[in-house]
Amino acid sequence: MSIIRSIRTPIMHRAVEANGFVFVGGTIADDTGASMGEQIRNILGKIAGYLKEAGTDTSRVVSASIFVTDLSRKKEMDAAWTEFFGEDLPARATVGVADLGGGALIEVVVTALKG
């Protein structure tokens, strides 16, 4: 089994390919002062780019974990999520957390099939 790491940051690789899967690490919005909907749209756009660079796309996302600082605004996030994924909704867990740092409202982790 080969492991391919890509899109390095100072503390991690954004995407790691292993055993037919692409694992995308925790991704937050570029503008953490934006609304919940704007943040999730930005995050999903970034993830789409990471997946494309790894040779796959969002239709192949099989699992997602979402960390949210304000679950009372989950409907706003859900609307942007379903708008983005359409019928290709992955399995998903949404977890309420106290703080994500830097003012981020949402952090998303996904796993996709390669190819």
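**View 1. Lys 74, partly exposed at 29% relative accessibility, in its salt bridge with Asp 78.** In this predicted model, the side chains of Lys 74 and Asp 78 meet in a salt bridge with an N to O distance of 2.9 Å. The two residues lie four positions apart in helix H2, so that about one helical turn separates them. Asp 78, at 22% relative accessibility, likewise counts as partly exposed.

**View 2. Asp 78 and Arg 92, a salt bridge between helix H2 and strand S5.** The closest N and O atoms of Asp 78 and Arg 92 are 2.6 Å apart, and the pair links distant parts of the chain, the two residues being 14 residues apart. Arg 92 is partly exposed, with a relative accessible area of 29%. Through salt bridges that share partners, Lys 74, Asp 78 and Arg 92 are joined into one network. Helix H2 (residues 74–85) lies across S4, S5 and S6 and runs at about 160 degrees to S5.

**View 3. Lys 114 and Glu 17, a salt bridge between the segment after S6 and strand S2.** Here the closest N and O atoms are 3.0 Å apart, and the partners are separated by 97 residues along the chain. Glu 17 counts as buried at 13% relative accessibility, whereas Lys 114 is partly exposed at 34%.

**View 4. The open sheet of six strands, with mixed pairing, in the order S1-S2-S3-S6-S4-S5.** Strands S1 (3–8) and S5 (91–96) stand at the edges with a single partner strand each, and therefore one side of each has no neighbour in the sheet. Strands S4 (residues 61–68) and S6 (residues 106–113) run antiparallel and are joined by seven bridges, with Ser 63 having Thr 111 in S6 as its bridge partner.

Technical notes: Residues numbered from 1 in each chain as written. Predicted model: local features only at pLDDT ≥ 70, side-chain atom pairs only at ≥ 80, totals over all residues. Heavy atoms only, no water. Pairing = 2+ DSSP bridges. Contact = heavy atoms within 4.5 Å. Axes fitted to C-alpha atoms, helices over the stretch in contact; angles between N-to-C directions. Salt bridge = Lys/Arg side-chain N within 4 Å of Asp/Glu carboxyl O. Buried < 20%, exposed > 50% of the residue type's maximum accessible area, 1.4 Å probe, protein only.
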